[in-house]
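Subject: Structure handover

Hello,

Here is the structure we spoke about, with its sequence. My notes on what was found follow below it.

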Amino acid sequence: MSIKYEVKTSDKLGRYLVAANDIRAGERILLDQPFVLGPNSDTSLVCFNCYLPLISKFLVCKNCGMAPICPGDGCPEQFAKWHNQQECDFFRNLKLNKGLNPMTMVQNVGSLLVLRALLKQNTNPREWKMFSELESHLDRRRESRVWEYYDNTVKFIQSLGLLENGQNQDLVQQICAAIDVNSFEVRGPPIPAIGCAEVLRGVYLQAALLAHDCVANTHMSINDNNVLVCHASTDIKKGEPIYYNYTDPFKGTEVRQQHLMVGKYFQCTCSRCSDITEMDTFMSSAICSECKTGYMSRVGESWVCHSCKKESEHSVIGHKVQCCSDKLEVINKKDDKELEEYIKHVSLVLAPNHYLLLDAKQRLAGVLRDVINREPRPTKKVMRRKIELCKELLPVLETLSPGICRIKAITLYELHATIVQLAKKLFDAREITASVFVDELLNAEKHLKRALEMLVIEPGNSPEGELCAKALEEYRALKITIAKVLDSVHAEGKTYESENIPEEVPLRPEID
């Protein structure tokens, strides 16, 4: 496969990737093995070999007598193994020469990722050099709480005798910083039959060079082998930067900026962050208290209405928004009535697409999905409400995450599922004709087809990959249902005409 990107350098972005040729949406840009992967600094105890959570008991590696590992039959075969021979020999020497015991490792499991990165200095000098060149913003972290937070990690590494030959604690702090700034979240292996897992962090040396934009043009996934796969989410022209969104695109600008400043040490100046309307979504805006129809956006220490130009102090509007945020924190987010009540009242204060309202609507759609799937006879009212919520979310998703988007695909799938369920309920009750039933099924098929086109690039055993397999079966079943209903219409001597019957969905993505 030809290289899809080139590395460029600029004062603003540092090193970053640009498209070496035109790249189509859905095309794979890069595959990246982890330079290092391991638990978070605040992790619970995990197996040093496969990263399964160790809940009640553990064994230690019989070769080094130091590393905590899975008890019983050992680590499951399907999970990657990380406690290699070189590390095992290193741990055994520590035990023999420094008298360390397994509890030292247990107590410092949060420093395991840093330790394994440092050991690469000798085991993989080429990749270590690439890692050491990653942005760390070390100077900005000095004299900060995060510098103090990693003091225990520094002391742990020093106790292992790894900072000799003139090396100082800044090297450990630099490793901690490089991991914090450049790592990706990775799903850890789930405990069989229980499903709980630790969230891991992985450093991927190619992907770490992707520049940030709050409207990205890439879609990222990490498969069961912990390989990061980056696809283009939209068409990318030759020479254009390849962007990844480091933040949650469904948060408002102030929240995103705070996350980037705290975790990545820069202020984003992308087109979305520079637009107080957030690309006409008004995702951080409030309803104007003067004209009641316009939306107010924050400009410095004031809020200005886009319609009547009324200005209000930030202390007034900001307080209202904060109250809405505080309320969302305390309500029961699994209770549909509480969520409906929240949406009803907050809609009087916030713009319809405010990120707090979108959050509540997403949660409510999930609760209603569970009600529909759980109840033997879910009501038409519940189904229609879920359809309404999905339709309200999709335009915002289309604007802020154009092209391939995981959340958009799931929302489209959920929309299709409920349209089918409601249409079948109405048809069985003879409340709609066969022709209307077919119309609804074709509408659902259109949404399902779009969802499949996005889900098909997801790793097979990920939750999204499993949803893709389920959606494909449902697509086939839906085609059969449509054909049967059409046959029954024709059998009655009637005709059915549709302006646009969707094409077949390919079983595999057309673009590798």
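**Salt bridges**

Glu445 and Lys479 form a salt bridge through their side chains, at 3.1 Å from N to O. Glu445 belongs to helix α15 (residues 434-455) and Lys479 to helix α16 (residues 463-491), so this pair ties together parts that are 34 residues apart in sequence. The two ends sit in different accessibility classes on the numbers: Glu445 is buried, with a relative accessible area of 0%, and Lys479 counts as partly exposed at 23%. Please keep in mind throughout that this is a predicted model.

A second salt bridge joins the side chains of Glu414 and Arg369, at 3.9 Å from N to O. Glu414 is in helix α14 (residues 406-428) and Arg369 in helix α12 (residues 355-374), and the pair links distant parts of the chain, 45 residues apart. Glu414 is buried, with a relative accessible area of 15%, whereas Arg369 is partly exposed at 29%.

A third salt bridge is between the side chains of Arg201 and Asp180, at 2.6 Å from N to O. Arg201 is in strand β8 (residues 199-203) and Asp180 in helix α8 (residues 169-182), so parts that are 21 residues apart in sequence are tied together by this pair. Both partners are buried: Arg201 has a relative accessible area of 12%, and Asp180 has one of 18%.

The count of salt bridges comes to 32. Arg369 and Glu414 also belong to a network with Asp370 and Lys386, joined by salt bridges that share partners.

**The protein as a whole**

The protein has 512 residues, of which 50% count as buried. There are 16 helices and 16 strands in it. Along its principal axes, the C-alpha trace spans about 90 × 60 × 50 Å. Among contacts with a separation of 6 or more, 64% are between residues 24 or more positions apart.

**Two helix pairs**

Helix α12, which holds Arg369, packs with helix α13 (residues 380-400); their axes come within 9 Å and cross at roughly 145°. The crossing of α12 and α13 is left-handed. On the α12 side, the contact is made by Leu358, Lys361, Gln362, Leu364, Ala365, Leu368, Arg369, Val371 and Ile372. On the α13 side, the residues are Val382, Met383, Arg385, Lys386, Leu389, Glu392, Leu393 and Val396. By class, the contact of α12 with α13 has 11 nonpolar, one polar and five charged residues. Arg369 and Lys386, both in this contact, are also members of the salt-bridge network described above.

The other pair is helix α3 (residues 112-123) and helix α4 (residues 125-132), which pack at an angle of about 130° with their axes 6 Å apart. The helices α3 and α4 are therefore oblique to each other. Their crossing is left-handed. From α3, the residues Ala117, Leu118, Lys120, Gln121, Asn122 and Thr123 meet Pro125, Trp128 and Phe131 of α4. The residues of this contact divide into five nonpolar, three polar and one charged.

**Leu112**

Leu112 lies in helix α3. Leu112 is buried, with a relative accessible area of 1%. Apart from its neighbours within four places in sequence, Leu112 is in contact with Pro39, Phe48 and Tyr51. Met130 is 18 residues away from Leu112 along the chain, and the C-alpha atoms of these two residues are separated by 20 Å.

**Two residues with positive phi**

Glu143 is not a glycine, but has a positive phi of about 60°. Glu143 is placed in the loop between α5 (138-141) and α6 (145-149), and counts as exposed at 77% relative accessibility.

Asn226, also not a glycine, has a positive phi of about 65°. Asn226 lies in the loop between β10 (218-222) and β11 (228-232). Is Asn226 buried or exposed? Asn226 is buried, with a relative accessible area of 9%.

Regards

Key: Residues numbered from 1 in each chain as written. Predicted model: local features only at pLDDT ≥ 70, side-chain atom pairs only at ≥ 80, totals over all residues. Heavy atoms only, no water. Axes fitted to C-alpha atoms, helices over the stretch in contact; angles between N-to-C directions. Helix = DSSP H or I, 4+ residues; strand = E, 2+ residues; numbered from the N terminus. Parallel < 35°, antiparallel > 145°, perpendicular 65-115°, else oblique. Left-handed = near helix turned anticlockwise from the far one by under 90°. Contact = heavy atoms within 4.5 Å. Nonpolar A, V, L, I, M, F, W, Y, C, P; charged D, E, K, R; others polar. Salt bridge = Lys/Arg side-chain N within 4 Å of Asp/Glu carboxyl O. Buried < 20%, exposed > 50% of the residue type's maximum accessible area, 1.4 Å probe, protein only.
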